[in-house]
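The exercises below are meant to be worked with the sequence and the 3D view side by side. Try each task before reading the solution that follows it.

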Amino acid sequence: MSNSTAPNSAAPNNRASKSTVSIRIEATALPGRNCAPAPGFPGYDDIHVGVQRRGRPGELLDPVPGDAEHAVWTLECTAKGTDLLGPYVQGGPGARFVYLSWVAGGPDGSTLFRRAKLMLDGIGRETAVAAVRGGLLLARLGLTDALGHPLCAAVRPPLVTWSAGERPGAA
């Protein structure tokens, strides 16, 4: 039994009116501009990370160099109940996520080589409800894995911390 319920789980109020929620992703501990080769991995140079637009793997929101001190992205979403939808939210009901895509070759990176999947099913029910109420869902995470490479694969707590807040400018 888990007390964590995905924000996109069917809820009695899922048919309620839509509201706007910002997802703010705050990332630290970026791995650097180069990713060294490893067995079965060729290595890459001039790496950047950005949020991938749904259905458009080559279109990244605000690519940030891999050696930046931190990265911040804000995604505007529509909430139906606690189900978040928007141009940067991927997946179907019960399996929503946001891709952080790693590219090599500069900010317009021609080579997509790795992706981190920020899984929205890792958000606790209370946090999801509070985020919809306040208009802000905040994700905080480091972007370097245990081997010193760019973070990839499915990312859930404790690798990401989810919290709710008040949307700036909300009255």
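Two strands are taken to pair if DSSP finds at least two bridges between them. The model is a predicted one, and residues are numbered from 1 along the chain.

**Exercise 1. The order of elements**

Task: Establish how many helices and strands the chain has, and in which pattern they follow one another.

Solution: Begin by counting, which gives 1 helix and 10 strands in the chain. Then read along the sequence, where the pattern is β-β-β-β-β-β-β-α-β-β-β. As a last step, turn to the contacts between residues at least 6 apart in sequence, of which 67% join residues at least 24 apart.

**Exercise 2. The open sheet**

Task: Work out the strand order of the open sheet, and explain why one side of β5 and of β10 is left without a neighbour.

Solution: The first step is the order, since 5 strands form this open sheet as β5-β4-β1-β8-β10, with mixed pairing. The second step is to look at the ends of that order: β5 (83–85) and β10 stand at the edges with a single partner strand each, and therefore each has one side without a neighbour in the sheet. Neighbouring strands of the sheet are turned against each other by 35 degrees on average, direction ignored. The third step is to follow one pair in detail, namely β1 and β4, which run antiparallel and are joined by 11 bridges. Within this part of the sheet, R24 stands opposite T74 in β4. R24 also belongs to a network of salt bridges that links it with E26 and R140.

**Exercise 3. The helix on the sheet**

Task: Find which residues of α1 are buried, and which strands they pack against.

Solution: Start with helix α1 itself, residues 125–134, whose buried residues are A128, A131, V132 and G134. An α-helix has 3.6 residues a turn, so residues three or four places apart point the same way. Next, ask what these buried residues touch: they pack against β1 (18–28), β4 (70–80), β8 (135–142) and β10 (160–166). The helix lies across those strands and runs at about 125 degrees to β8. Finally, inspect the point where the helix is left, where G135 follows α1 with a positive phi, near 90 degrees.

**Exercise 4. The nonpolar core**

Task: Identify the residues with the most contacts inside the largest nonpolar core, and trace the surroundings of L143.

Solution: The largest nonpolar core has 41 residues, and those with the most contacts inside it are I25, W73, L100, L141 and L143. Among the elements, β4 gives the most to this core, with 5 residues. To trace L143, leave aside its neighbours within four places in sequence; its contacts then include A27, L30, V49, W73, L100, W102 and P150. For the chain as a whole, 44% of the 171 residues count as buried.

**Exercise 5. A buried arginine**

Task: Decide whether R96 is buried or exposed, and name the partners its side chain reaches.

Solution: First locate R96, which sits in the loop between β5 and β6 (97–104). Its relative accessible area is 7%, and because buried means under 20%, R96 is buried. The side chain of R96 then makes a polar contact with the side chain of D83 at 2.7 Å, and the same R96 side chain reaches the backbone oxygen of G91 at 2.5 Å.

**Exercise 6. Comparing salt bridges**

Task: Take the pairs of D46 with R33, R53 with E59, and D145 with R114, and describe the setting of each.

Solution: Side chains of opposite charge can pair when their charged atoms come close. A search of the whole structure finds 10 salt bridges. One of them joins the side chains of D46 and R33, at 2.8 Å from N to O. Both residues of this pair lie in the loop between β1 and β2 (48–53), 13 residues apart; D46 is partly exposed at 28% relative accessible area, and R33 is partly exposed at 31%.

In the second pair, the closest N and O atoms of R53 and E59 are 3.6 Å apart. R53 counts as partly exposed at 22%, and E59 is partly exposed at 31%.

In the third pair, D145 forms a salt bridge with R114, with the closest N and O atoms 3.7 Å apart. This bridge links distant parts of the chain, D145 being in the loop between β8 and β9 (153–155) and R114 in strand β7 (residues 111–119), 31 residues apart. R114 is buried, with a relative accessible area of 17%.

Methods: Predicted model: local features only at pLDDT ≥ 70, side-chain atom pairs only at ≥ 80, totals over all residues. Heavy atoms only, no water. Buried < 20%, exposed > 50% of the residue type's maximum accessible area, 1.4 Å probe, protein only. Helix = DSSP H or I, 4+ residues; strand = E, 2+ residues; numbered from the N terminus. Contact = heavy atoms within 4.5 Å. Axes fitted to C-alpha atoms, helices over the stretch in contact; angles between N-to-C directions. Polar contact = N/O pair within 3.5 Å; in protein donor to acceptor, adjacent residues only side chain to side chain. Core = buried A, V, L, I, M, F, W, Y, C linked by side-chain atoms within 4.5 Å. Salt bridge = Lys/Arg side-chain N within 4 Å of Asp/Glu carboxyl O.
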